[in-house]
Amino acid sequence: MVKKIQKSSGDKKTSAQAFNSPLSGAIKDSAQQIWLAGLGAFSKAQEEGGKAFDTLVKEGLSIQRKTQAVAEERISEATNKVSNMATDISSKASGQWDKLESIFEERVAKALNKLGVPSARDVDALIKRIDALNQHVQQLGGKAPARSAARKAAPAGKAAVKAAPAKAAVKTAPAKTPARKSTRKAAAA
């Protein structure tokens with residue numbers, strides 16, 4: 001065994017000698033070149049990385065602007081659709097209110113007619129009738145009645161017109177009520 005140990009110790013010497021040989025120098029040179037290539041790649045990545053970062057920022061800004069433009073367009077379309085729908089609903093609602101108003105007016109007119117309250121048409125018909133009678137009286141007697149002159153001088157307000165014919169209609173002749181009813185029927189038709 002002594003021989004073997006000696007051989008092994010000799011082997012150690014040869015491996016140390018081999019390490020100092022030209023092969024070890026080539027390995028060192030190769031490792032040095034790899035290290036320098038890594039440093040060069042790192043430096044290049046730093047330079048290129050700044051440029052690449054700036055390029056990515058510019059692209060991000062343009063994409064953001066495009067996205068905002070598309071989003072604003074979509075919002076505008078949605079706003080237009082909602083306003084059109086609101087306009088349609090408003091017009092339909094106003095049409096319904098008009099119908100409701102006319103129905104209400106008709107029902108109120110019917111209720112007032114049942115209670116015996118003369119309508120505006122009835123009052124207008126009575127005014128025309130009174131004027132015709134006044135003209136007839138003037139032709140027969142030659143003098144205008146005091147009420148007719150006072151009514152013509154009074155302003156054409158609704159309260160004054162309604163009050164004067166109602167009193168005149170009551171005082172003219174109670175026998176003419178059937179004619180008044182026929183006027184209501186004609187006005188209702």
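This is a short walk through the structure, from its overall make-up to two patches on its surface. Keep in mind as you look that the model is predicted.

Let's start with the whole protein. Its secondary structure amounts to six helices and zero strands, so the pattern along the sequence is simply α-α-α-α-α-α. Of the 189 residues, 7% count as buried.

Now turn to helix α2, which covers residues 22-115. How does the distance between its ends fit with its 94 residues? At 1.5 Å a residue, α2 should span 140 Å, and the end C-alpha atoms lie 133 Å apart, which agrees. Just after α2 comes glycine 116, with a positive phi near 90°.

Leucine 115 belongs to α2. Is this leucine buried or exposed? Leucine 115 has a relative accessibility of 69%, and because the cut-off for exposed is over 50%, leucine 115 counts as exposed. It also takes part in a nonpolar surface patch, together with Phe104, Val108, Leu112 and Val117. Taken together, these residues offer about 470 Å² of accessible area. When you look at the numbering in this patch, it helps to recall a general point: an α-helix has 3.6 residues a turn, so residues three or four places apart point the same way.

The second patch carries charge. Asp98, Glu101, Glu105 and Glu106 form a negative patch on the surface. One of them, glutamate 101, lies in helix α2. How accessible is glutamate 101? Its relative accessible area is 44%, and because partly exposed covers the range between under 20% and over 50%, glutamate 101 counts as partly exposed.

Key:
Residues are numbered from 1 along each chain as its sequence is written. This is a predicted model: local features need pLDDT of at least 70, side-chain atom pairs count only at pLDDT 80 or more; totals for chains, interfaces and linings use all residues. Side-chain values use heavy atoms; hydrogens and water are left out. Patches are made of residues with over 30% relative accessible area and no salt bridge: like charges are joined within 9 Å, nonpolar side chains (Val, Leu, Ile, Met, Phe, Trp, Tyr) within 5 Å. Accessible areas come from the Shrake-Rupley method with a 1.4 Å probe; for residues, only the protein chains shown count as cover. A salt bridge is a side-chain nitrogen of Lys or Arg within 4 Å of a carboxyl oxygen of Asp or Glu. Helices (H or I, at least four residues) and strands (E, at least two) are DSSP runs, numbered from the N terminus. Buried means under 20% relative accessible area, exposed over 50%, partly exposed in between (1.4 Å probe, protein chains only). The expected span of a helix is 1.5 Å times one less than its number of residues. Lys and Arg count as positive and Asp and Glu as negative; His and the chain ends are not counted. The place of a charge is taken as NZ of Lys, CZ of Arg, CG of Asp or CD of Glu.
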